[in-house]
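The following exercises concern the packing of one protein model. Please work through each task with the structure in view before reading its solution.

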Amino acid sequence: MVSVDHAVPEVKGGPGRLRRDVGLIGLMWASVGSIIGSGWLYGAEKAVTLAGPAAIISWVIGAAAIVVLALVHAELGGMFPVAGGTARYPHYAFGGLAGMSFGWFSWLQAATVAPIEVEAMIGYAGHWSWAQGFQHPKEGTLTTSGFIVAVVLMAVFVVINFLGVRVLAHTNSAATWWKVAVPLAAIFIIAVGNFHPGNFTVHGFAPFGAKGVLSAISSSGIIFALLGFEQAIQLAGESRDPQRDLPRATLGSVAIGAVIYVLLQIVFIAALPLSSFAHGWAKLDYPGISGPWAGLATLLGLGWLGVVLYLDAVVSPGGTGLIYTTATSRVSYGLARNGYAPKVFTRTGGRGVPWFGLLVSFVTGVVCFLPFPSWQQLVSFITSASVLMYAGAPLAYGVFADRLPHRERPYRLPGGKVVSPLSFVVANLIIYWSTWQTLWRLGVAIVLGYVLLGGYAYYATRRGLPDAPRLDWKAARWLPFYLVGMGVISWQGSFGGQNHIGLWWDILIVAAFSLVVYYWAKASASPSEEIERSIDDAVVADMPMH
């Protein structure tokens with residue numbers, strides 16, 4: 001919800017300007033609305049089939065990992081209140097090539113979430129007879145009528161965004177209150193009278209060992225469910241008091257999401273009838289498991305709650321899709337501000353909305369809906385590996401700590417010089433645990449990004465355009481080593497790879513490799529004067545016009 005103070009004069013947008021209309025609650029709810037999406041509807045069931053009751057540990061580890069990353073983002077968000085921040089920090093620290101790369105990772109992550117959430121809405125709606133013809137029953141791809149519905153839903157997201165950030169924040173606030181209330185109600189109602197402590201030990205607490213616990217973090221949707229805290233940072237350019245509100249919104253949203261998800265996992269395990277996992281957790285089955293929570297509620301005689309949960313399966317993904325449509329346009333805005341994309345992406349209408357970025361996000365969603373299973377699979381894999389976007393922030397943090405020690409920091413991360421490299425290690429472990437099957441597909445998407453953005457950079461340079469990006473190869477010479485190195489480790493590792501590197505050794509290798517890249521990147525970063533100039537230019541460019 002936007003906190004509107006009528007005593008404060010409204011900031012008007014102008015050409016290429018964003019309006020600073022969003023308060024603390026609006027920022028926090030943007031992040032919470034992204035965290036509580038379709039992940040809560042599936043996460044507990046998927047995690048328990050991979051890790052057994054030890055999935056609780058997976059959620060705790062996943063939450064701790066996201067907290068570490070969020071702490072770094074909280075300081076950066078307060079330091080640099082610019083729109084599309086996650087796409088711009090590496091640009092400040094390492095120049096054009098790194099900025100273009102992490103900007104593409106950020107855009108790719110944001111652009112693919114909204115259509116996936118729409119498909120989740122349509123999939124759950126299949127419980128109702130009137131919606132059963134929207135998907136092919138075997139392939140799970142959209143029928144012609146389903147495609148039309150999906151396009152309409154994406155259009156609704158875009159229209160709400162076109163109405164401006166105030167309407168967006170109010171709409172998202174209403175959806176988020178519902179999205180938070182429903183899982184909390186499900187936790188309490190199902191736990192009362194259906195909590196069986198013996199479920200945690202009947203087949204052993206950790207039947208799949210440590211590998212199951214670690215696999216669940218990336219592969220079951222735990223990290224996917226917890227992602228979204230950065231949405232407040234993406235809206236920094238529209239925050240009324242970003243230095244104060246961004247750190248609070250970032251950390252507050254992670255705390256809310258983590259508590260809800262851990263409680264959901266505990267109650268889900270405890271409430272299951274013994275017959276549903278009589279043959280082991282990997283063979284968990286009961287009527288209605290395709291909609292795990294709604295099916296469980298119905299199985300326990302709480303049919304009315306099942307109906308509410310089926311409705312929530314439309315509202316929750318819808319709210320997340322709405323805010324990620326916003327994020328996509330803001331990230332493309334940031335890319336264009338840095339010269340990696342055409343300036344048309346920075347154009348805003350009278351309501352201060354980057355309209356061209358919204359149109360592109362709509363077209364991207366429509367393309368994702370095309371009935372090609374391999375493309376849909378690629379999109380889902382990209383989303384599950386989206387944490388690659390976050391890896392740029394710890395690298396940038398390390399550079400700013402060294403190069404800009406006296407710059408104002410409304411929130412200063414305690415022990416930042418230790419937490420920063422640790423968060424980079426954590427990010428790479430999450431990427432590694434996503435499995436080789438995920439990462440080689442992600443590699444294809446990365447190459448596509450270099451073709452698109454690199455092609456524009458080449459065009460802008462050849463035409464002598466004033467915003468043609470300088471790629472700064474020297475400052476980013478560590479980047480190819482990093483991307484290829486992570487790919488090789490995954491290929492040879494034990495998470496979907498050749499299994500030539502055993503468990504625990506692989507974690508040690510990823511950690512050591514990450515630290516080498518981290519300190520190499522810090523040593524290669526742009527000079528202090530160039531960083532300051534790049535940051536100041538961006539802040540001035542994003543200042544609202546009165």
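**Exercise 1. Classify the accessibility and the ring pairing of Trp355 and Phe356.**

Solution. Step one is accessibility: Trp355 has a relative accessible area of 30% and is partly exposed. Phe356, at 25%, is partly exposed as well. The cut-offs are under 20% for buried and over 50% for exposed, with partly exposed in between (1.4 Å probe, protein chains only).

The model is a predicted one, in which local features need pLDDT of at least 70 and side-chain atom pairs pLDDT 80 or more, while totals for chains, interfaces and linings use all residues. Residues are numbered from 1 along each chain as its sequence is written, and side-chain values use heavy atoms, without hydrogens and water.

Step two is the geometry. Rings of Phe, Tyr and Trp (its six-membered ring) pair if their centres lie within 6.5 Å; planes under 30 degrees apart are stacked, over 60 edge-to-face, and the rest tilted. Trp355 and Phe356 are 5.8 Å apart centre to centre with 85 degrees between the planes, an edge-to-face pair.

**Exercise 2. Describe the pair formed by Trp40 and Trp293, and place it in the fold.**

Solution. By the ring rule, the count is 19 aromatic pairs. For Trp40 and Trp293, the centres are 6.0 Å apart and the planes meet at 40 degrees, so this pair is tilted. Next, locate the partners: Trp40 belongs to helix α2 (residues 39–51) and Trp293 to helix α12 (residues 292–299), so the pair ties together parts 253 residues apart in sequence. Helices (H or I, at least four residues) and strands (E, at least two) are DSSP runs numbered from the N terminus. Finally, Trp40 is buried at 1% relative accessible area, and Trp293 is buried at 1%.

**Exercise 3. Identify the residues with the most contacts in the largest nonpolar core, and examine Trp478.**

Solution. A nonpolar core is a set of buried Ala, Val, Leu, Ile, Met, Phe, Trp, Tyr and Cys residues joined through side-chain atoms within 4.5 Å. The largest has 136 residues, and those with the most contacts inside it are Trp40, Trp293, Phe400, Trp478 and Tyr482. Beyond neighbours within four places in sequence, Trp478 is in contact (heavy atoms within 4.5 Å) with residues including Phe94, Leu395, Val517 and Trp520. Trp478 also belongs to a cluster linked by ring pairs, together with Phe94, Phe424, Tyr482, Tyr518 and Tyr519.

**Exercise 4. Determine how many residues of helix α1 are buried, and assess its span.**

Solution. The protein has 21 helices and 0 strands. Helix α1 (residues 24–35) contains 12 residues and reaches 17 Å from first to last C-alpha, close to the 16 Å expected at 1.5 Å a residue; the expected span is 1.5 Å times one less than the number of residues. As 10 of the 12 residues are buried, α1 is largely enclosed by the rest of the structure. Among the buried ones are Leu27, Met28 and Trp29. For the protein of 546 residues, 61% count as buried.

**Exercise 5. Which of Thr435 and Trp504 is buried, and which is exposed?**

Solution. Thr435 has a phi near 85 degrees, positive in a residue other than glycine. Thr435 lies in the loop between α17 (416–433) and α18 (436–463), and is buried at 16% relative accessible area. Trp504, not a glycine either, has a positive phi of about 80 degrees. Trp504 sits in the loop between α19 (478–492) and α20 (505–524), and is exposed at 54%.
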